[in-house]
Structure formats: structure tokens, C-alpha cells
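Biologist: Please show me the model. I would like to go through its folding, its aromatic rings and its cysteines.

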Amino acid sequence: MKAVIQRVIKSDVKINGKTVGEIGNGFMILLGVMQGDTKADADKLVKKIPNLRIFEDENGKMNLSCLDINGEMLVVSQFTLCADCSHGRRPSFIKSAPPEEANTLYEYFVEELKKAGVSKVETGEFGADMKVGLINDGPVTILLDSAELA
């Protein structure tokens, strides 16, 4: 499972011009589910993401987590994170999980973030054509792969 975490001042996702998810200060998370991913992969990311200390403390040091600042999270499914660009010029998405399996793990990930104490968790709509807006704070962008986490 792959995640792109962006520290944001605000973020939203729209479908057909209608806002379906919106947050203030926190994380905008793009989540890609790979073939073979399980709940254990989601659990690794849920354990890591809310506790990433990438918000500034009173001394301007990245020392506070999203939980510490009562931050919010917007999670958007993003199968293109699973792209294989190693051959040719057209990405292959064969490594992404089948839609039903990916959606199940995406929904599980969102529910586990809520259980982890994140004050507000918003989402896009799985499989929809979405327009994502954000103001990246810093900018700070972190890439995580559950296969690389302990």
C-alpha cells in the first residue's frame, strides 16, 4: 500500500463541481492499494501517519504530529500510485489491486484512522473522477510504502 501525505492548510475534493470532502489544517492523503495488500498493510500506515511529527512546534521545528495539533485528514483513493513506469512510456496499472479489494482496504484504512483518534477524516469517492484542491503547507510531502515499514 502506498501513501502520499501532504501537510496542508486546507484541502477539498469535488465531484461534478460538488464538494464531497473538505478539511482544514492537517493531511491530504492519496492512497494506492497494490495487489496482495492486506489489512496489515493498512494497519502499518495507520500506525505511522497520524503520528508523523511534521508540524512545527513553538520553536519552528517539525516536532508535532497531526494528533498533537488536532489536525484533520482527507483521504483520496489513487490507483495511479501503483503505476509501473519501468518499460515504455505508458504506465501499467497491473500491480494495483482489483477495484472491489482496493475499495474494501481503502474504507478499512479510513475507519482505522478515525479509531486512531484523528479529529476529522473526510474522503473522496472511490473510483470517481475527482478534482482535488489543496494548499500544501511548507511544502511538506512524504511518501510511504507499507512494504518498507516495520
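Modeller: First, a definition: buried means under 20% relative accessible area, exposed over 50%, and partly exposed in between, with a 1.4 Å probe and protein chains only. This is a predicted model: local features need pLDDT of at least 70, side-chain atom pairs count only at pLDDT 80 or more, and totals for chains, interfaces and linings use all residues. Residues are numbered from 1 along each chain as its sequence is written, and side-chain values use heavy atoms, without hydrogens and water.

Biologist: Is Phe79 buried, partly exposed or exposed?

Modeller: The relative accessibility of Phe79 is 49%. Exposed requires over 50%, and buried under 20%. Phe79 therefore counts as partly exposed.

Biologist: At what angle do the planes of Phe79 and Phe93 meet?

Modeller: Rings of Phe, Tyr and Trp (its six-membered ring) pair if their centres lie within 6.5 Å; planes under 30 degrees apart are stacked, over 60 edge-to-face, the rest tilted. Phe93 is partly exposed, at 31% relative accessible area. The Phe79 and Phe93 centres are 5.0 Å apart. The pair is edge-to-face, with an angle between the planes of 65°.

Biologist: How many residues apart in sequence are the parts that Phe27 and Phe55 tie together?

Modeller: Phe27 and Phe55 are stacked, 5.3 Å centre to centre and 25° between the planes. Strands are DSSP runs of E, at least two residues; helices are runs of H or I, at least four; both are numbered from the N terminus. Phe27 lies in strand 3 (residues 26–32) and Phe55 in strand 4 (residues 55–56), so the separation of the parts they tie together is 28 residues.

Biologist: Which cysteine has the sulfur closest to that of Cys82?

Modeller: A disulfide is a pair of cysteine sulfur atoms within 2.5 Å. The whole structure has zero disulfides. Cys82 is buried, at 1% relative accessible area. Its closest cysteine sulfur is 11 Å away, too far for a bond, and belongs to Cys85.

Biologist: What pattern does the protein chain follow along the sequence?

Modeller: The protein chain has two helices and eight strands. Read along the sequence, they give β-β-β-α-β-β-β-α-β-β.

Biologist: What share of the contacts with a separation of 6 or more joins residues 24 or more positions apart?

Modeller: Contact means heavy atoms within 4.5 Å. The count here takes contacts in the protein chain with a separation of 6 or more. Residues 24 or more positions apart account for 74%.
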